[in-house]
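User: Please take a close look at the place where chain B and chain A touch. How many residue pairs are in polar contact there?

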Protein chains: 2
Amino acid sequence: MGFLSRERVLSMPTRKLESVVSLNDIRVACKACSLKEICLPVGIDKDDLDHLDAIIDRKRPLARGEHLFHVGDNFQSIYAVRSGSLKTYTTSEDGQEQVMGFQLPGELVGLDAIAENCHPLAAKALETTSVCEIPFDELEKLSGQIGGLQHQLLRVMSQEIRDDEQNMVILGQKSAEQRLAAFLIGLSNRFRRRGFSANQFNLSMSRSDIGNYLGLALETVSRLFTRFQNEGLLSVDRKHIELLDRDQLYTFSGAHCAADEAPKAQTEN
Amino acid sequence: MGFLSRERVLSMPTRKLESVVSLNDIRVACKACSLKEICLPVGIDKDDLDHLDAIIDRKRPLARGEHLFHVGDNFQSIYAVRSGSLKTYTTSEDGQEQVMGFQLPGELVGLDAIAENCHPLAAKALETTSVCEIPFDELEKLSGQIGGLQHQLLRVMSQEIRDDEQNMVILGQKSAEQRLAAFLIGLSNRFRRRGFSANQFNLSMSRSDIGNYLGLALETVSRLFTRFQNEGLLSVDRKHIELLDRDQLYTFSGAHCAADEAPKAQTEN
DNA sequence: CGCTCTGTTGACCTTGATCAATTTAGGTGG
DNA sequence: CCACCTAAATTGATCAAGGTCAACAGAGCG
């Protein structure tokens with residue numbers, strides 16, 4: 001820790017960066033962004049997209065371990081991950097951490113800060129990560145004018161509630177192995193949606209983060225990985241995961257998840 | 001079961017009711033509602049309130065056990081509880097139920113249905129319960145016009161995300177006793193906000209519902225109630241709870257809950 | 001080359017689930 | 001009003017899942 005002690009540069013007053021990444025590289029309009037069909041702009045027409053684009057700020061990437069915001073920070077903006085990944089977490093008074101979620105490209109962070117106007121969670125980069133900053137008051141103003149944007153914003157928030165509910169099911173009544181299986185299937189689905197491989201990916205988070213997120217001891221996570229590997233469900237090499245028997249894992253997870261796109265046909269509607 | 005077999009009347013085409021409760025009793029405008037400072041109308045001015053009021057539908061109360069909506073029901077409206085209480089839950093394919101939450105007067109249900117346009121959870125009355133139905137497309141249209149309403153809607157959804165996050169902490173890393181203590185403190189806070197007694201209330205839900213919600217066996221819940229009672233923290237008589245040592249319970253819950261109004265001074269900001 | 005951080009594996013123990021037996025309350029019908 | 005029935009709650013006894021403690025092994029970095 002500490003060779004890069006200027007954390008939180010993102011929330012510092014804007015300053016020119018002539019460093020590693022040139023501003024031109026960062027300035028990619030929503031229109032040209034491969035993630036536009038995943039994050040906010042879904043279903044917004046071309047003209048309106050320009051308006052949205054105008055309020056979005058692209059910043060220099062965060063280094064691994066750098067914070068996007070801290071607990072209690074004043075709420076100004078929500079953020080969309082462009083590349084890399086984040087974890088959000090709180091620290092309870094006795095100092096122990098609770099990981100609340102991981103954010104992949106195309107996903108938004110900070111929606112939980114609207115209510116109280118300050119961030120209840122901290123967000124930290126798990127690897128080199130770049131984000132789009134979306135000033136919330138401007139977004140709100142804009143979404144009053146653009147019907148599609150308002151609807152999309154509500155949809156995204158609703159989806160977040162839904163995902164959290166899904167997590168409650170997992171934490172509330174699944175066994176350790178079901179939790180890890182569900183976690184992996186969930187990640188896999190999210191990667192696939194973003195155009196990454198669904199069966200082969202790197203975990204940017206530590207075993208400890210996974211365990212913490214799933215309400216398990218890190219040792220349990222580790223044991224389960226080796227067990228899943230022995231059973232031929234997947235292969236693990238440190239951070240790299242390859243899912244070998246996705247169906248079996250899915251069954252294992254005891255899923256029914258309205259939230260994920262289920263690999264089997266819908267039985268009701 | 002079954003003397004009242006006409007469930008889901010609420011979602012049937014409107015029909016005149018000359019029965020138990022007269023329509024005049026039900027027709028209470030938002031303006032006159034004691035809950036308006038809790039549910040949606042917060043911070044909306046008098047004129048706009050009339051507009052909001054115009055789209056809200058007040059229905060005859062639900063009987064205990066009746067459903068407000070079922071899993072998979074088409075999403076039309078969100079609902080605000082006026083009196084009584086609801087539980088929301090899903091049923092996994094193996095038939096077991098997961099209770100996702102309890103709704104008290106002034107709280108909204110159905111926000112998680114916006115994303116997919118259908119209800120991921122069922123909502124069932126725990127006792128005689130009346131609700132306001134708020135057609136969502138009209139609400140959305142209105143909130144494009146009334147800035148305060150849009151903001152309030154986003155705030156409420158954000159708060160819901162926050163509460164769910166809080167629940168994840170509880171399910172993810174608290175002991176059985178901490179969970180129950182946190183649950184009781186949480187309920188108590190919610191009752192207080194609504195003008196009910198904070199230290200004395202009735203649980204409209206069964207031990208089994210509580211256990212399910214908290215990720216505990218119902219036997220564990222029962223045992224904890226008697227233990228808390230023996231320790232002088234509270235007194236239980238079947239459904240009736242009296243909190244005798246709220247501070248101790250609060251400490252017990254291992255809380256830090258940015259979500260609740262903490263009884264101690266804030267240490268940071 | 002050694003230090004530290006992350007991950008793996010093993011041994012043991014605690015918490016809370018499960019199974020089972022009663023008790024109590026509330027609702028129903030004679 | 002009482003006897004009966006069922007659902008909810010309590011309490012006890014047992015057991016297993018997973019947490020905790022501890023030792024060790026690689027990987028990455030200075």
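Analyst: Between chain B and chain A, 20 residue pairs are in polar contact, both residues at pLDDT 80 or more. A polar contact is a pair of N or O atoms within 3.5 Å; within protein, one must be able to donate a hydrogen and the other to accept it, and residues adjacent in sequence count only if both atoms are side-chain atoms. This is a predicted model: local features need pLDDT of at least 70, side-chain atom pairs count only at pLDDT 80 or more, and totals for chains, interfaces and linings use all residues. Residues are numbered from 1 along each chain as written, chains are lettered from A and ligands numbered from 1 in written order, and side-chain values use heavy atoms, without hydrogens and water.

Salt bridges between the two chains number zero (side-chain nitrogen of Lys or Arg within 4 Å of a carboxyl oxygen of Asp or Glu).

Which elements of chain B take part? Strands E4 (86-91) and E5 (97-103) and helices H3 (136-145), H4 (147-173) and H6 (207-214) of chain B each give two or more residues to the side touching chain A. These are DSSP runs, helices (H or I) of at least four residues and strands (E) of at least two, numbered from the N terminus. H4(B) gives the largest share, 19 residues.

In contact (heavy atoms within 4.5 Å) are 48 residues of chain B and 48 of chain A.

Chain B can be laid on chain A by a turn of 180° and a shift of 0.0 Å along the axis, with an RMSD of 0.0 Å (least squares on C-alpha atoms of residues with pLDDT of at least 70 in both). That is the relation of a two-fold axis.
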